[in-house]
Amino acid sequence: MCSSDLQPEYTALMIYGIGVDIVNLKRIASAYSRFGKKFLHRITHPGEIRHADEHPVFIQELAVIFSMKEAVYKALRPVGFPIRFTDVEVIHLPGGAPSVRLHGRLAVHASQANVGEIHVSMTHERDQAVTVAIAMKNGSAAPWEPKKED
């Protein structure tokens, strides 16, 4: 059975893209050691910095944030404009599960591509962080669709 054989109600959500990323914690620790706050402000949102600062294993949390942003970019496949790490904000849902919020040109791109939601998952070990992002096409407007000005 292929997707064209399914009833319309089952084809409303489809995968737009899948992204996977793995990052070595030593690489993130080295960049943070070398560039400090400049590195943080280049790759994070203020809320992410606050969350990472509170995390008992700061570099591990920072690596997960970095890796998740990379996975989201890979899932959304933006072309024609530069990637800004601050266009993806890693947030945590009430139960602690990770999620993402899009901003800027990446939010516009996702809206134009009719991406309705992005599912993310992460894991980490002593030396590595791995993340997966699945961007889902949706028949309705994306929650991050830019508001039209009157």
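Leaving aside its neighbours within four places in sequence, with which residues is His41 in contact? Select His41 together with Ile49 and Thr86, and the answer is displayed: these two residues are in contact with His41, where contact means heavy atoms within 4.5 Å.

The tour concerns a predicted model, in which local features need pLDDT of at least 70 and side-chain atom pairs count only at pLDDT 80 or more, while totals for chains, interfaces and linings use all residues. Residues are numbered from 1 along each chain as its sequence is written, and side-chain values use heavy atoms, with hydrogens and water left out.

**Stop 1: His41**

Remain at His41, which is placed in helix α2; helices (H or I, at least four residues) and strands (E, at least two) are DSSP runs, numbered from the N terminus. His41 counts as exposed, at 53% relative accessibility. The terms follow relative accessible area: buried is under 20%, exposed is over 50% and partly exposed is in between (1.4 Å probe, protein chains only). Now add Phe85, 44 residues from His41 along the chain; a separation of 9.5 Å between the two C-alpha atoms will be found.

**Stop 2: the whole chain**

Colour the chain by secondary structure to display five helices and five strands. Along the sequence they follow the pattern β-α-α-α-α-β-β-α-β-β. Of the 150 residues, 42% are buried.

**Stop 3: helix α1**

Select residues 25-35, helix α1, and show Leu25, Ile28 and Ala31, which are buried. Viewed down the axis of α1, the buried residues fall within an arc of 130 degrees, so they line one face of the helix; the arc is that of the directions from the helix axis to the C-beta atoms. Turn to the other side of α1, where Lys26, Arg27, Ser33 and Arg34 are exposed. The packing partners of the buried residues are β1 (14-24), α2 (37-43), α4 (58-76) and β5 (128-137).

At the start of α1, a side-chain oxygen of Asn24 comes to within 2.7 Å of the backbone nitrogen of Lys26. After the helix comes Gly36, with a positive phi near 55 degrees.

**Stop 4: the sheet**

Select β1, β5 and β4, which form an open sheet of three strands in that order, with antiparallel pairing. Two strands pair if DSSP finds at least two bridges between them. At the edges stand β1 and β4 (115-124), each with a single partner strand, so one side of each has no neighbour in the sheet. From one strand to the next, the twist averages 15 degrees. Between β4 and β5 there are nine bridges; Met122 stands opposite Thr131 in β5.

Add α4, which packs on the sheet and touches β1, β4 and β5, its direction making about 145 degrees with that of β1. Axes are lines fitted to C-alpha atoms, for helices over the stretch in contact, and angles run from 0 to 180 degrees between N-to-C directions.

**Stop 5: Gln60**

Within α4, select Gln60. This residue is buried, with a relative accessible area of 12%. Its contacts, apart from neighbours within four places in sequence, are Leu25, His124 and Glu125. A polar atom of the Gln60 side chain lies 3.3 Å from the backbone oxygen of Glu125.

Technical notes: A polar contact is a pair of N or O atoms within 3.5 Å; within protein, one must be able to donate a hydrogen and the other to accept it, and residues adjacent in sequence count only if both atoms are side-chain atoms.
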